[in-house]
Amino acid sequence: MLVYILRRLAISAAVIFTVILITFVVFFLGPSDPAGAICGESPSCTPERVDQIAEALGLNVPPQQQFKDFIGGIFMGREISNGGFTKVCEAPCLGWSYYRNAPVTDLVLAAFPVTASLVFGGMVVYVVIALVAGVVAAKYRGTFIDRIIVGFSQTVSSIPYYVCALIFFLYAMVFTGIVPRSAWVEPWKDPVAWFLGLIGVWLFYGTWASASYIRYVRASMIDVQNSDYVRTARAKGLGETTVSYKHALRAAIAPFVTLVGLSVSAELMGAIFTETIFGLPGMGKLAIESFGHDDLPVIAGTVIVGAVLVTLGNLIVDLLYGVIDPRVRLQ
């Protein structure tokens, strides 16, 4: 078990380093112009001024040294020259936002709680709906109940997410006020306002996301219905609810956990449509706004953070397999 964990950690570290290297090459050694972005479009922005800023930023040094400074900043922090001023960027330093004049790490840390609250709150909703509806559909396979659940799943999945989100935002929040309008309030300042500001988004996002997960749970439950241990449990006289939720579901839930783990880690990179439509200042909205301002360090920072989250999600899912499914043992 320990050897497996250490091996997975080593692989994860290699993946993260590779992503950092590729991100650095694409964003900082590609056809970008950070000096020009700082200088702006004012008449005082002459080619000589752009060259001075590029030299102050260290863009004239060899790429190997730039990458070394970038990696060193992540672990130890570094000083960044910004238009003649030296800024201290503390570890983990992901760079400096030329447009916002702030460390990228601070911007990402300010946006991450928004995205995390949105994603984990929605996850609770769609996990509950998917497990209950999927088990019920498998239990009553071929009946009217099964057709209703499967029909709901297929109908919702066939409509683009942003269309459903816009309709829900306009009619449920703006026009009718059935649910509170979305807003971001820091939970450590006002937990009630935080909950009310996100409850509508959680319900919508969780219900829409559950549509695809319901079919996975249903298919997995049907596969294990005729397994030996399920028939043995029924032969012992256990109730159908106990057999379904205690015995069959534990074996059928492994693929579902994989999907949820990968989806959550990917969504933490930024729920772009959700944050944009509902006006939540999360990582997705931060990245989109940075694209509009050519703020490459912020975009690169969100990519790196997203890669770390996805890698950690994969690692956690692999370790949970041995806990969830007794048939799986980590060797």
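This report describes the overall make-up of a predicted protein model, then two buried residues and a set of aromatic pairs.

**Overall make-up**

The protein has 331 residues, of which 44% count as buried. Its secondary structure consists of 13 helices and four strands. About 17300 Å² of the protein is exposed, and carbon and sulfur atoms supply 67% of that area. Among contacts between residues at least 6 apart in sequence, 66% join residues at least 24 apart.

**Two buried residues**

Ser290 is found in helix α12, which covers residues 283–292. Its relative accessible area is 0%, so Ser290 is buried. The side chain of Ser290 makes a polar contact with the side chain of Arg100, at 3.3 Å. Leaving aside residues up to four places away in sequence, Ser290 touches Arg100, Asp295, Val298 and Ile299. Arg100 therefore appears both as a polar partner of Ser290 and among the residues that Ser290 touches.

Thr23 sits in helix α1, which runs over residues 2–28. Thr23 counts as buried because its relative accessibility is 5%, and the cut-off for buried is under 20%. With residues up to four places away in sequence again left out, Thr23 touches Phe28, Ala300, Val303 and Ile304.

**Aromatic pairs**

The count of aromatic pairs in the protein comes to 17. Two of them are set out below.

| Pair | Centre to centre | Angle between planes | Arrangement |
|---|---|---|---|
| Tyr162 and Phe273 | 5.8 Å | 35 degrees | tilted |
| Phe169 and Phe278 | 5.8 Å | 90 degrees | edge-to-face |

The pair of Tyr162 and Phe273 links distant parts of the chain, 111 residues apart. Tyr162 is in helix α7 (residues 161–175), and Phe273 is in helix α11 (residues 272–278). Tyr162 counts as partly exposed because its relative accessibility is 41%. Phe273 is also partly exposed, with a relative accessible area of 48%.

Phe169 lies in helix α7 and Phe278 in helix α11, so this pair ties together parts of the chain that are 109 residues apart in sequence. Both Phe169 and Phe278 are buried.

Phe169 and Phe278 also belong to one aromatic cluster. The other members of that cluster are Tyr126, Tyr161, Phe168, Phe204, Tyr205, Trp208, Tyr213 and Phe256.

Technical notes:
Residues numbered from 1 in each chain as written. Predicted model: local features only at pLDDT ≥ 70, side-chain atom pairs only at ≥ 80, totals over all residues. Heavy atoms only, no water. Buried < 20%, exposed > 50% of the residue type's maximum accessible area, 1.4 Å probe, protein only. Polar contact = N/O pair within 3.5 Å; in protein donor to acceptor, adjacent residues only side chain to side chain. Contact = heavy atoms within 4.5 Å. Areas by Shrake-Rupley, 256 points an atom, 1.4 Å probe, with all protein chains shown as cover. Phe/Tyr/Trp six-rings, centres within 6.5 Å; stacked < 30°, edge-to-face > 60°.
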